[in-house]
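Hi,

Here is the structure I promised to pass on to you. Please have a look at it first; my notes follow below.

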Amino acid sequence: MRAGSADSVRADKWLWAARLFKSRALAAAACAGGKVEVNDQSAKPARPLRPGDLVRVTLPAGRRIVRILALARRRGPAAAARALYDDLTPPAAPRGRTSPAAYRPPGVGRPTKRERRQLDRLRRAASP
């Protein structure tokens, strides 16, 4: 079966059309860099994708896992792009609460050595 047949589309084109990447060049670079896996195999930009394939993409914001539902060669609106895949990415772990930054009224000047040590103790106690 040819890569250009009607029942498949290039990986970089589909990733761009599904709006997982901002440009097709970025999608192709991610494929070439080993950041895209299709059915647990590394994917090159020209790899043909078909409905039902499981795609794992490593992005700067984290890892996305999607199952292809439909094919697209052209980029469309965001609502149409969301209909191309089923997002199987597990939800992110809840983030721990962070303490507010130490408050120092403006114009009071630099902290003294004693105040700085107190601030350091406070920051050490707040960090996990």
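The secondary structure of this predicted model comes to 4 helices and 7 strands. From the N terminus onwards, these elements run in the order β-α-α-β-β-β-β-β-α-β-α.

On overall shape, the chain has a radius of gyration of 23 Å, whereas a compact globule of 128 residues would have one near 14 Å. The C-alpha trace spans about 75 × 30 × 25 Å along its principal axes. As for packing, 25% of the 128 residues count as buried. Among the contacts with a separation of 6 or more, 43% are between residues 24 or more positions apart.

Now the surface and the charges. The chain has an accessible surface of about 9,200 Å², and carbon and sulfur atoms make up 55% of that. There are 29 positive and 9 negative charges, and the mean positions of the two sets lie 9 Å apart.

One detail you may enjoy looking at is in the aromatic residues. The count comes to 1 aromatic pair, formed by W14 and Y85 in an edge-to-face arrangement, with 6.2 Å from centre to centre and 75 degrees between the planes. This pair links distant parts of the chain: W14 sits in helix 1 (residues 11-17) and Y85 in strand 7 (residues 85-87), 71 residues apart. Are the two partners buried or exposed? W14 counts as buried because its relative accessible area is 0%. Y85 is buried too, with a relative accessible area of 12%, since the cut-off is under 20%.

Happy to talk it through whenever suits you.

Best wishes

Note on methods:
Residues numbered from 1 in each chain as written. Predicted model: local features only at pLDDT ≥ 70, side-chain atom pairs only at ≥ 80, totals over all residues. Heavy atoms only, no water. Helix = DSSP H or I, 4+ residues; strand = E, 2+ residues; numbered from the N terminus. Rg over C-alpha atoms; globule rule 2.2 N^0.38 Å. Buried < 20%, exposed > 50% of the residue type's maximum accessible area, 1.4 Å probe, protein only. Contact = heavy atoms within 4.5 Å. Areas by Shrake-Rupley, 256 points an atom, 1.4 Å probe, with all protein chains shown as cover. Lys, Arg positive; Asp, Glu negative; His and termini not counted. Charge placed at Lys NZ, Arg CZ, Asp CG, Glu CD. Phe/Tyr/Trp six-rings, centres within 6.5 Å; stacked < 30°, edge-to-face > 60°.
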